[in-house]
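Visitor: I'm new to this, and I'd like a close look at the cysteines, please. Could you walk me through them slowly, and then show me some of the ring contacts too?

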Amino acid sequence: MTTSKILLFALLVGMALCKTKDEWQGRSIYQIVTDRFSRGNGNNSPCYHLGNYCGGTFKGIKENLDYIQGMGFDAIWISPMVDNKEGGYHGYWFRDWYKVNSHFGSADELKDLISEMHRRDMWMMFDVVANHVAPVGEDFSSINPFNRAEHYHSTCQIGNSDFCGGNQDHVENCRLANLPDLNQNNPWVRSELIKWVKWLVSEFSIDGIRIDTVAHVPKDFWSEFTRAAGVYTVGEVFCYPLNYDEPYLDHMDGLLNYALFWSLRNTFKGSSFRELSNRIKEVQGRNYGSKLKYCGLFVDNHDNDRFLHNYGNWDSLNGALLFTLFFPGIPIVYYGDEQGYGGGHDPNNREPLWTNMDPSTSIYQFLKKANKVRKDNRIWEKEYREIWVDENVFAFVRGDVLVIFTNGGEAQSRDFPNLPWNGNVCNQLKDGDCVNVSGGSGHFSMAGNEVKIYKQQLICIYS
């Protein structure tokens with residue numbers, strides 16, 4: 001075989017192995033703070049200093065893949081794995097871009113984790129940063145490869161009023177939390193970041209990347225960066241206004257869906273479902289709507305107080321989680337939700353899981369069932385259509401699957417029209433809960449805060 005044929009073959013193999021944005025639609029992502037998931041050494045003692053390292057490792061994740069797969073998740077998003085300045089347990093204080101954070105383990109242990117995930121048909125998502133480096137003041141000598149002052153913007157600080165359109169020049173050129181801000185308009189810095197992400201994807205055979213602090217970097221850079229990565233990319237733009245978020249979708253596959261995040265939370269904590277429905281229609285009416293299916297939909301993450309913080313209703317959390325699994329988008333569930341964690345502002349929302357890794361909790365079992373229904377019915381391939389909304393009940397169909405949500409503590413019953421079938425339909429989450437639909441309409445009853453998934457069949461699914 002000639003050299004040119006060998007190179008062509010290698011290129012085709014690489015392209016075949018890359019996971020596309022369309023393939024990612026069929027995945028359910030479990031987000032982990034690496035330092036807080038599992039130590040992997042048998043030490044399950046509590047950690048009382050959440051602002052520093054607690055001991056979680058790549059080995060600990062590998063040893064507990066059964067726990068993650070048991071809920072139906074087939075992709076994992078881990079913390080940034082790059083070497084950090086001391087104290088950077090979260091991973092966002094990059095120091096040496098070509099070394100692995102030794103607190104989490106070695107490069108070989110990370111590769112072992114990824115290899116085992118791929119053997120199980122689980123995909124790996126890395127969290128990456130291209131905006132800033134570790135908090136080193138003006139002394140950049142410890143940063144590799146960005147060790148000179150000309151690699152950075154001049155020192156200034158982003159103010160609270162600058163975010164989300166207040167002053168974009170400050171957002172892109174000043175420091176976030178006093179973290180030195182890389183200058184992507186410096187040709188050398190730009191080329192090094194591009195070279196690094198190519199190396200990262202190739203070296204560790206990852207399947208997707210989550211991009212931190214997207215709004216803090218000029219948009220044209222992201223087009224080049226995501227092309228170089230060659231895998232599915234989802235970016236963080238921590239803002240609510242659609243006219244601010246939406247343009248970034250022209251430069252990467254998807255965004256973390258902050259456009260729906262606040263309405264989703266408000267609704268499942270008791271505000272009217274009309275708030276969520278109206279926000280959905282607003283998003284669908286824009287360019288954002290055509291790309292919803294590639295965006296990451298979530299209830300919790302490491303940057304926000306948990307849903308259950310000062311609000312202990314597990315049934316409401318189930319409803320919000322089910323929405324992320326069945327509404328258009330790629331679902332992301334934050335570790336610890338399945339254990340009913342309710343931590344507040346970080347680092348309190350980054351609790352160790354090893355003290356409570358219990359697969360028998362009701363939320364764990366709920367996620368297991370819901371993920372199965374999602375995958376068995378290939379929900380991501382089916383058209384979304386809202387069929388009902390009022391203060392306390394919201395319902396939509398995905399193809400031939402009806403999903404019903406309630407909030408508030410009182411029982412609800414409704415007659416739903418325009419259903420996609422006639423005959424007997426059964427709740428996929430609870431054995432024996434079946435309804436007769438005639439003329440495309442049916443009467444459905446729900447307990448307070450209950451969610452249901454109905455599908456036409458002769459025999460209901462047993463747990």
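**Cysteines, then rings**

Guide: Let's start with Cys156, which is partly exposed, with a relative accessible area of 27%. Keep in mind that you're looking at a predicted model. Cys156 has a partner: Cys156 and Cys174 form a disulfide, and their sulfur atoms sit 2.0 Å apart. If the word is new to you, a disulfide is a covalent bond between the sulfur atoms of two cysteines. The link of Cys156 and Cys174 is left-handed, with -95° about the S-S bond. This pair joins distant parts of the chain, 18 residues apart: Cys156 is in the loop between β5 (123-128) and α7 (168-173), and Cys174 is in the loop between α7 and α8 (187-204). And is Cys174 buried or exposed? Cys174 has just 3% relative accessibility, so it counts as buried; the cut-off for that word is under 20%.

The structure holds 4 disulfides, so let's visit two others. Cys47 and Cys54 form one of them, with sulfur atoms 2.0 Å apart. The link of Cys47 and Cys54 is left-handed too, at -70° about the S-S bond. Here both ends are tucked away: Cys47 counts as buried at 10% relative accessibility, and Cys54 counts as buried at 8%.

Now jump to Cys426 and Cys434, which form a disulfide with their sulfur atoms 2.1 Å apart. The link of Cys426 and Cys434 is right-handed, with 100° about the S-S bond. Its two ends sit in different settings: Cys426 is buried, with a relative accessible area of 1%, whereas Cys434 counts as partly exposed at 30%. There's also a cysteine without a bond to look at: Cys295 is in no disulfide, and the nearest cysteine sulfur, that of Cys239, is 14 Å away. Why does Cys295 count as buried? Because its relative accessibility is 1%, and anything under 20% gets that label.

On to the rings. A search of the whole structure finds 44 aromatic pairs. Among them is Phe94 with Trp97, an edge-to-face pair with 4.8 Å from centre to centre and 75° between the planes. Phe94 counts as buried, at 0% relative accessibility, and Trp97 counts as buried at 1%. Compare that geometry with Phe261 and Phe298, which form a stacked pair: 4.9 Å centre to centre and 20° between the planes. Phe261 lies in helix α11 (residues 258-268) and Phe298 in strand β9 (residues 296-298), so this pair ties together parts that are 37 residues apart in sequence. Phe261 is another buried one, at 0% relative accessibility, and Phe298 is buried as well, with a relative accessible area of 2%.

Rings can also join up into groups. Try picking out Phe268, Phe273, Phe323, Phe327, Tyr384, Phe394, Phe396 and Phe405 on your screen: ring pairs link them into a cluster.

Last stop: rings that have a charged side chain over them. The charged end of Arg279 sits over the ring of Tyr240, 3.7 Å from its centre. Over at Tyr248, Lys219 lies over the face of the ring, at 4.6 Å from the ring centre.

Technical notes: Residues numbered from 1 in each chain as written. Predicted model: local features only at pLDDT ≥ 70, side-chain atom pairs only at ≥ 80, totals over all residues. Heavy atoms only, no water. Disulfide = S-S within 2.5 Å. Buried < 20%, exposed > 50% of the residue type's maximum accessible area, 1.4 Å probe, protein only. Helix = DSSP H or I, 4+ residues; strand = E, 2+ residues; numbered from the N terminus. Phe/Tyr/Trp six-rings, centres within 6.5 Å; stacked < 30°, edge-to-face > 60°. Lys NZ or Arg CZ within 6 Å of the ring centre and 35° of its normal.
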